[in-house]
Amino acid sequence: MKELNINNFKKETESGVCVVDFWASWCGPCRMLAPVMEELAAERPDVKFFKVNVDEESDLAAAFGISSIPAVFRLDDGKATARHVGYAGKTDIARALGL
C-alpha cells in the first residue's frame, strides 16, 4: 500500500475508488488492521489502497476530521463516501466501505 502525503494525496485519489487508511506506528489497533488492509488490497485490484501516517501528515488528518485511529475512508473520485473507525475484521471493513 502506497503512503500518501499532502503533496500527492489529491493526484492519487482524484479518480476511481480509493481506500485510505489513516494510521500511526504507535497505534496497536492500526498495526492489527494492516494485514487486513493488505488482504483487501490483494483481493480488490480494481480499488486503489493507500496509507496516511497521521503523525507525519497532520494537515491531511485534520482535513478528514481524524480524532481516532485507525480510520479508513472510501473515496469515490476524490470524495469521501464511507468510513470506518477502529479495528475490525476484513468482512466488516469491506461491508462498511461498500467493497
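A residue counts as buried here when its relative accessible area is under 20%. Keep that cut-off in hand as we walk through this model, which is a predicted one.

Let's start with the aromatic residues. Searching the whole structure turns up four aromatic pairs. In one of them, F9 and F64, the ring centres sit 5.5 Å apart and the planes meet at 65°, so this pair is edge-to-face. F9 belongs to helix α1 (residues 9-13), while F64 is in the loop between α3 (58-63) and β4, so the pair ties together parts that are 55 residues apart in sequence. Is F9 buried or exposed? Its relative accessibility is 9%, and since buried means under 20%, F9 counts as buried.

F64 has another aromatic partner in F22: this pair is tilted, with 5.2 Å from centre to centre and 45° between the planes. Here too, distant parts of the chain get linked, as F22 sits in strand β2 and F64 in the loop between α3 and β4, 42 residues apart. Both F22 and F64 are buried. Add F73 to F9, F22 and F64 and you have one aromatic cluster. There's also a ring with a charge over it: K51 lies over the face of W23, 4.8 Å from the ring centre.

From F22 we can step across into the strands. Opposite F22, in β4, stands A71. The two strands involved, β2 and β4, run antiparallel and are joined by six bridges. On β5, β4 has an antiparallel partner as well, again over six bridges. One of the matched positions there is D76, whose bridge partner in β5 is K79. Between β4 and β5 there are just two residues, making the two strands a hairpin. Take a look at D77 in that turn: its phi is positive, about 50°. How much of β4 is covered? Mostly, it is: five of its six residues are buried.

Now follow β5 to H84, which has its place in that strand. With a relative accessible area of 17%, H84 is buried. A polar atom of its side chain lies 3.3 Å from the backbone oxygen of G86. If you set aside the neighbours within four places in sequence, H84 is in contact with P70, A71 and V72, and also with I93, A96 and L97.

Two of those contacts, I93 and L97, bring us to helix α4 (residues 90-97), where the buried residues are I93, A94 and L97. Why are these three on the same side of α4? They cover an arc of only 95° around the axis, and that puts them on the same side. Turn to the other side of α4 and you find T91 and R95, which are exposed.

What covers the buried residues of α4? The cover includes β2 (17-23), α2 (28-43), β4 (71-76) and β5 (79-85). So the strands we've just toured come up again here, with α2 alongside them in that list. Right after α4 comes G98, and its phi is positive, near 70°.

Methods
Residues are numbered from 1 along each chain as its sequence is written. This is a predicted model: local features need pLDDT of at least 70, side-chain atom pairs count only at pLDDT 80 or more; totals for chains, interfaces and linings use all residues. Side-chain values use heavy atoms; hydrogens and water are left out. Buried means under 20% relative accessible area, exposed over 50%, partly exposed in between (1.4 Å probe, protein chains only). Helices (H or I, at least four residues) and strands (E, at least two) are DSSP runs, numbered from the N terminus. The arc is that of the directions from the helix axis to the C-beta atoms. Contact means heavy atoms within 4.5 Å. A polar contact is a pair of N or O atoms within 3.5 Å; within protein, one must be able to donate a hydrogen and the other to accept it, and residues adjacent in sequence count only if both atoms are side-chain atoms. Rings of Phe, Tyr and Trp (its six-membered ring) pair if their centres lie within 6.5 Å; planes under 30 degrees apart count as stacked, over 60 as edge-to-face and the rest as tilted. A charge sits over a ring if NZ of Lys or CZ of Arg is within 6 Å of the ring centre and within 35 degrees of the ring normal. Two strands pair if DSSP finds at least two bridges between them.
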